[in-house]
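Colleague: I'm new to this one. Could you show me the structure and take me through the terms as we go?

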Amino acid sequence: NGEWVPWKEVKLSPEDRGFGVADVVFDVARTFNGKPFELDSHIDRLYRSLKYVRIDPGLSADEMTAICEEGIRRNEKHLEEAGDFTINPWVTRGLSIDGPATVCVAIKPVNFANFARSYVEGAHGVVARTRSYPSDVMDPKVKHHSRLNFVLAELEAKDVDPDASAILLDMDGNLTEGIGYNVFLVKDGVLKTATDRSILQGVSRGVLLEIAEQLGIPVAEEDLQPYDLYTADEVFFSRTSPRIIPVSKVDNRPVGDVFPGPITEQLLAAHSERVGVDIVGQALHHAGIES
């Protein structure tokens with residue numbers, strides 16, 4: 001709300017609607033070599049979400065972008081230790097339905113330890129019973145904090161496999177997304193992912209589709225079922241900080257014959273080239289893990 005405050009000194013009213021009824025939208029971007037990556041795309045999605053839920057942040061998209069960039073500059077002294085930063089703007093409606101909005105931009109180190117081991121051992125996925133919100137309840141293109149279904153799905157996944165991440169379905173039994181990541185699979189050389197009818201339009205997902213096209217990898221956006229995961233040659237998640245998380249098991253079933261799969265490796269290498277950082281090497285280094 002117009003002030004720069006050290007993390008430990010942030011104070012927000014417990015009566016804010018962001019806490020009371022999850023009346024808040026957000027986005028998450030990251031830096032590579034301290035430079036924001038696809039920040040304009042993330043801010044554009046944030047402002048689409050704000051428009052959909054009718055929250056006025058009192059700032060233009062350009063002003064929000066400038067604040068994010070200033071936050072990075074203010075934390076440059078921490079870059080070597082942090083490796084890179086996440087950029088997390090979020091906006092609540094405020095104390096009443098009439099506002100004014102509460103506006104925050106949080107700059108934090110990328111949590112490499114959260115995902116780096118997956119590059120070596122592979123992440124695990126579990127198809128949860130809890131479903132994604134249908135679009136007539138809440139359009140999944142809105143990035144919001146009304147995510148109790150994600151929490152329940154995460155708990156269900158860990159009941160099956162303590163190391164697993166949840167994969168959700170829509171009401172028709174088609175694959176949608178995870179609890180903060182899009183889901184991809186490879187079958188017979190074709191990269192497949194769900195349509196955007198019931199998922200968040202992930203910025204990382206869009207970048208990967210662009211890279212796949214540049215590499216000549218065939219892409220299909222279509223309805224997919226758990227069967228397609230169980231019989232896939234490769235599976236991975238796409239997410240802002242790790243970009244690509246290779247998956248080695250789904251519902252305790254091994255994925256494919258080779259880990260990580262060749263197309264997953266190809267996409268990771270091309271993505272690293274695009275951002276000017278060895279994505280896997282950086283994550284392993286800052287998480288203290290040997291490849």
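Modeller: Sure, pairing comes up right away: two strands pair if DSSP finds at least two bridges between them. This is a predicted model, where local features need pLDDT of at least 70, side-chain atom pairs count only at pLDDT 80 or more, and totals for chains, interfaces and linings use all residues. Residues are numbered from 1 along each chain as its sequence is written, and side-chain values use heavy atoms, leaving out hydrogens and water.

Colleague: How do you know that E9 and strand E12 pair?

Modeller: DSSP finds 5 bridges between E9 and E12 (residues 234–239), in the antiparallel sense, and the definition asks for at least two, so they pair. One bridge joins Phe-184 to Phe-236 in E12.

Colleague: What makes E9 and E10 a hairpin?

Modeller: E9 and E10 (residues 190–193) pair in the antiparallel sense over 4 bridges, with 2 residues between them. Asp-188 in the turn has a positive phi of about 55°. In E10, Leu-191 is the bridge partner of Val-186.

Colleague: How covered is strand E9?

Modeller: Mostly: 5 of the 6 residues in E9 (residues 182–187) are buried, meaning under 20% relative accessible area, while exposed is over 50% and partly exposed lies in between (1.4 Å probe, protein chains only).

Colleague: Why is Glu-63 called partly exposed?

Modeller: Its relative accessibility is 40%, so Glu-63 counts as partly exposed. Glu-63 is found in helix H3, and H3 (residues 61–74) gives the most to a negative patch, with 3 residues.
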